[in-house]
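Work through the exercises below with the coordinates open. Try each task before reading its solution.

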Amino acid sequence: MIKQEWKNILKNHWIQIVLVALILIPSIYTVVFLGSMWDPYGNSGNLPVAVVNKDKAVDYNDKKLDVGNQLVDKLKDNDSLDFHFVNSKEANKGLKDGDYYMVITIPSNFSKECNNFVG
């Protein structure tokens with residue numbers, strides 16, 4: 001019975017075309033899908049992000065604690081995103097115009113809150 005089915009498949013060209021399509025269509029879909037998802041963060045270094053530092057330094061154990069500027073310095077060395085260090089007005093305008101994907105705002109009490117956390 002199985003031999004007869006294989007003989008019918010080999011004789012009928014339409015069945016062969018359908019079988020090839022049943023094999024190729026999912027394969028092509030899989031290759032395209034995996035290709036698009038293979039490295040989702042590979043080009044994030046080109047994603048423009050505005051950084052606004054409103055932080056005010058505080059005194060901690062007779063030293064100046066300026067965590068906001070320390071964070072900005074670390075972000076300047078980081079190439080995971082395309083960071084732009086701007087003021088609030090430029091950041092909001094850039095976000096509205098589509099120049100920036102998002103805005104990271106370091107609040108004015110950032111160092112003070114870090115001081116409360118540490119101290």
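Three exercises follow on this predicted model.

**Exercise 1. Aromatic pairing**

Classify the ring pair of tyrosine 29 and phenylalanine 33, then place the two residues in the fold.

Solution.
- Start with the total: the model holds two aromatic pairs.
- Tyrosine 29 and phenylalanine 33 make up one of them, with ring centres 6.2 Å apart and 10° between the planes.
- Planes under 30 degrees apart count as stacked, so this pair is stacked.
- Now locate the residues. Both belong to helix H2, which spans residues 13–37. They are four residues apart, about one turn of the helix.
- Last, check accessibility. Tyrosine 29 has 57% relative accessibility; the cut-off for exposed is over 50%, so tyrosine 29 is exposed.
- Phenylalanine 33 has a relative accessible area of 43%, so it falls in the partly exposed class.

**Exercise 2. Helix crossing**

Describe how H1 and H2 are arranged, and list the residues in contact.

Solution.
- Two packed helices call for two quantities: the angle between the axes and the distance between them.
- The axes of H1 (residues 2–11) and H2 come within 5 Å and cross at roughly 95°.
- Angles of 65 to 115 degrees count as roughly perpendicular, so H1 and H2 get that label.
- H1 contributes Ile9, Leu10 and Lys11 to the contact; H2 contributes His13, Ile15, Gln16 and Leu19.
- Sort these contact residues by type: four are nonpolar, two polar and one charged.

**Exercise 3. Charge and ring**

Over which ring does the charged end of lysine 76 sit?

Solution.
- The ring belongs to phenylalanine 85.
- The charged end of lysine 76 is 5.5 Å from the centre of that ring.

Definitions and conventions
Residues numbered from 1 in each chain as written. Predicted model: local features only at pLDDT ≥ 70, side-chain atom pairs only at ≥ 80, totals over all residues. Heavy atoms only, no water. Phe/Tyr/Trp six-rings, centres within 6.5 Å; stacked < 30°, edge-to-face > 60°. Buried < 20%, exposed > 50% of the residue type's maximum accessible area, 1.4 Å probe, protein only. Lys NZ or Arg CZ within 6 Å of the ring centre and 35° of its normal. Axes fitted to C-alpha atoms, helices over the stretch in contact; angles between N-to-C directions. Parallel < 35°, antiparallel > 145°, perpendicular 65-115°, else oblique. Contact = heavy atoms within 4.5 Å. Nonpolar A, V, L, I, M, F, W, Y, C, P; charged D, E, K, R; others polar.
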